[in-house]
Amino acid sequence: MFSRLRADIRCILERDPAARSAWEVITVYPGFHAVVLHRWAHACWTHGFKWPARFIAHWARWLTGIEIHPAAKIGERVFFDHAMGVVVGETAEIGDGCTIYQGVTLGGTSLYKGTKRHPTLGRNVVVGAGAKVLGGFVVGDGAKVGSNAVVTKPVPAGATAVGNPARIIEAEAAARREETASRMGFSAYGVTQNDDPLSQALRGLIDNASGQEHQIALLWQAIEKLSAQPGSKDCVPGDAARDESFEADKLTQLIGK
């Protein structure tokens, strides 16, 4: 028990730069108090003492502003940062190392008892302030839910969900697009996270340019192999095409930035 408490305190000190000492965490951090009280309530619930479990959860809500149903499952090193107004439903599960900010709802969309109505968060998930995660699906390990997002479908591991309704941004696809744009001399940082028409057009342009770049590289390889074969005239086109580059300045002028 004490090792688990030490882990809870240590994770808060690691993730919150405002935390100055373990004593401060123990005495004035409502997120820490909510986790400790929930463990007492959950122990009562699992041993069949339903009313005492609900009573502890009720007082924990009054003391901390964080409402966690005693049947919910919470892993180790979970940090409720500020967390006023957080609601965690009965069948919700929160994995190890998760961080949950204020105003988050892990809620349900079904009224049927005995079913999995609330979400399951994997390990090291971050849920931003005001986000609503609604339904009995899984948010994968290492995923992020943006502030005020409304998530009603599964989020793959490592992905980011933003907006209302939430859009899933695959981490690998975003990193690949950014790498391609960097090679071209144009940073895609400002457009990858937005979903306005201009951003969509620029993302499509970058993806299309990446595909064409790959095809051109394959063509050059084929030409070099043909030119190196015995009997060939060793006639290889000049390197003009190799010297062409993506004109970032013209694109910047085009979009008016």
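**Helix packing, spaces and two odd backbone spots**

Okay, so let's start with a crossing: α1 and α3 cross in a right-handed way. Before I go on, keep in mind that this is a predicted model.

Staying with that pair, helix α1 covers residues 2–15, and it packs on α3 at an angle of about 155 degrees, the two axes being 11 Å apart. Anything over 145 counts as roughly antiparallel, so that is what we call α1 relative to α3. Who touches whom? From α1 we have Arg4, Leu5, Asp8, Ile9 and Ile12, and from α3 they meet Phe32, Val35, Val36 and Arg39. If you sort the residues of that contact by class, you get six nonpolar and three charged, with no polar ones.

Now turn to the other partner of α3, which is α4. Here the angle is about 170 degrees and the axes are 8 Å apart. So α3 is roughly antiparallel to α4 as well. On the α3 side, the contact uses Pro30, His33, Ala34, Leu37, Trp40, Ala41, Cys44 and Trp45. Facing them in α4 are Lys50, Ala53, Arg54, Ile56, Ala57, Ala60, Leu63 and Thr64. The class count for this contact is 12 nonpolar, two polar and two charged.

Next, empty space. How many cavities of 30 Å³ or more turn up in a search of the whole structure? One. Its volume is about 50 Å³, and its lining is made of Ala34, Leu37, His38, Ala57, Ala60, Ile66 and Ile68. Two elements, α3 (30–46) and α4, give two or more residues each to that lining. The largest share, three residues, is from α3. You'll recognise some names here: Ala34, Leu37, Ala57 and Ala60 are on the cavity lining, and they also appear in the contact of α3 with α4. As for character, the cavity lining has six nonpolar residues, one polar and no charged.

Then there's the second largest pocket, with a volume of about 190 Å³. Which element gives the largest share of its lining? That's α4, with four residues. Along with α4 (50–64), the strands β1 (67–68) and β4 (87–88) each supply at least two. Going through the names, we have Arg54, Ala57, His58 and Arg61, then Glu67, Ile68, His69 and Pro70, and finally Val87, Val88, Gly89 and Glu90. By class, that is five nonpolar, three polar and four charged. Two of those residues should ring a bell: Ala57 and Ile68 line this pocket, and both are on the cavity list too. Arg54 is worth pointing out as well, being a lining residue of the pocket and part of the α4 side of the contact with α3.

Last topic, the backbone. As a reminder, most residues other than glycine have a negative phi, and most peptide bonds are trans. We have one departure of each kind to look at. Arg77 has a positive phi, near 55 degrees, and is not a glycine. Where does Arg77 sit? In the loop between β2 (73–74) and β3 (79–80). The other spot is the peptide bond between Asn164 and Pro165, which is cis, with omega at about 0 degrees. Pro165 belongs to a loop too, the one running between β14 (160–162) and β15 (167–169).

That's my tour, thanks.

Methods: Residues are numbered from 1 along each chain as its sequence is written. This is a predicted model: local features need pLDDT of at least 70, side-chain atom pairs count only at pLDDT 80 or more; totals for chains, interfaces and linings use all residues. Side-chain values use heavy atoms; hydrogens and water are left out. On a 1 Å grid over the protein atoms alone, a cavity is a set of points where a 1.4 Å probe fits but cannot get out, and a pocket is an open set with protein on both sides within 12 Å along at least five of seven lines; lining residues have an atom within 4 Å of a point. Grid points are joined across faces, edges and corners, and a volume is the space filled by probe spheres set on the points. Ala, Val, Leu, Ile, Met, Phe, Trp, Tyr, Cys and Pro count as nonpolar, Asp, Glu, Lys and Arg as charged, and the others, Gly among them, as polar. Axes are lines fitted to C-alpha atoms, for helices over the stretch in contact, and angles run from 0 to 180 degrees between N-to-C directions. Angles under 35 degrees count as roughly parallel, over 145 as roughly antiparallel, 65 to 115 as roughly perpendicular and the rest as oblique. A crossing is left-handed if the near helix is turned anticlockwise from the far one by less than a right angle, and right-handed if clockwise. Contact means heavy atoms within 4.5 Å.
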